[in-house]
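Q: I would like to take a close look at one part of this protein, the place where its two domains meet. Could you walk me through it slowly?

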Amino acid sequence: MTGIAVLGSTGSIGLQTLDVIRAAPNRYRLVGLAAGHGGGALQAQTREWPEASVWAADGRPEGVSPRRWMDGGLEELSTADGVDLVLVATTGMTALPAVLAALRTGRRVALANKETLVTGGHLVDALLPADWESRLDRLRPVDSEHSAIWQCLRGERLEDVERLILTASGGPFRDRIPADLVDVTPADALAHPTWQMGPKITIDSATLVNKAFEAIEAKWLYDLPYPKIAAVLHPGSVVHSLVEFVDGSFKAQLGLPDMRLPIQFALSYPERHAGPARVAAPESWDPLTFAPLDPTRYPAYAAVRSAAEAGGNRGVILNAADEVAVAGFLGGAVPFTGIAPLLERAVDRWGVDAEPALNQVIELDAEVRTSLRADIGLKEDR
Ligand code: MG
């Protein structure tokens, strides 16, 4: 029986995690629930799992007894008695301190959130074993691409890997010429062809910043250098990612786009079991097509990749600047084509080569956010 705490339990990944847990009550015990808002969704969960500890960013929800309330927030919830595994599906970098605390106290972490590694990959890395199989057992990817790579790597030696190849749907604008994108609206960008997701990650999928963040995530998960982490366009989202080996062999992991599969694998590893994810036989799949990812068509992707390679504090800057840029785009203050230049300017302004400590990560994040919001005339945060 694995005791699981779900951070971000009312978001899309959180809800799908609860589906997986609900379907296998003999394997998983839900021991903690945390959400940004203590509204109706969280309250319903606290009634369904009356033994679980609870935390919400906006205060103790009505009807939740003080006995269950985790005053110490995500960190206390993640390290509470009975927690074996923390599933992190919060937004932004809010869960970074809790992830560090969970790893430090021997918990396993299933990570559905990229920002934790984009901003604090170097801090997480310091707490993980070098051997890749134990490393991935402690820090388990939930992102579909990284789960695919993890599944392909099982039984292999990391030194035999030529390249990891992340698949990208290419977003809604993959067939449009870049000059055409000046006046795309938030509604255009929010129409993602295959995955149903929140607005921030959907815009990040249109700019492919999401894919560049996934390269950063891959670097820290698998401890491989950036030149070994490639990306390819694959509009169907059936091949979730591939690994190329030094002998020329490729392995891929395939399935319908349904996040309950990678979520469940992160919970059940090293075993597999039947679960709620949708299944369809290969005869029903669309033909598998691949195309090169041309970085000149995706300038924000190129900007994030080159800043990430330079390392230092740049992941923190990119994460904060991208959140402001996307909020600015959704609010009409930044054109779609203004996102990449905003990221580049931020990296030029704050980038240094030294890796920041946790308190410096938090300070830099706040500084970048506040300055850039003022620059583009956005008022309150979130
Ligand atoms: Mg992904």
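How many salt bridges does the rule find across the interface of domain 1 and domain 2?

A: In this predicted model, the rule finds 0 salt bridges across the interface of domain 1 and domain 2, and the count of residue pairs in polar contact between these domains, with both residues at pLDDT 80 or more, is 1. To see where this interface sits, it helps to start from the division of the chain, in which domain 1 covers residues 2-142 and domain 2 covers residues 311-382. The C-alpha centres of domain 1 and domain 2 lie 26 Å apart, and the contact takes 11 residues from domain 1 and 12 residues from domain 2.

The size of an interface is often given as the accessible area lost when the parts come together. Here the area buried between domain 1 and domain 2 is about 890 Å², and carbon and sulfur atoms give 71% of that area. On the side of domain 1, Met-93, Thr-119 and His-122 supply 49% of the area that this domain buries against domain 2, which is more than any other three residues.

One can also ask which elements of domain 1 touch domain 2, and those giving two or more residues to that side are helix H4, residues 96-104, and helix H5, residues 115-125. Of these, H5 provides the largest share of the side of domain 1 that touches domain 2, namely 5 residues.

Methods: Residues are numbered from 1 along each chain as its sequence is written. This is a predicted model: local features need pLDDT of at least 70, side-chain atom pairs count only at pLDDT 80 or more; totals for chains, interfaces and linings use all residues. Side-chain values use heavy atoms; hydrogens and water are left out. Domain bounds come from an automatic or database domain assignment. Contact means heavy atoms within 4.5 Å. Buried area is the accessible area (1.4 Å probe) that two parts lose on being put together, summed over both. A salt bridge is a side-chain nitrogen of Lys or Arg within 4 Å of a carboxyl oxygen of Asp or Glu. A polar contact is a pair of N or O atoms within 3.5 Å; within protein, one must be able to donate a hydrogen and the other to accept it, and residues adjacent in sequence count only if both atoms are side-chain atoms. Helices (H or I, at least four residues) and strands (E, at least two) are DSSP runs, numbered from the N terminus.
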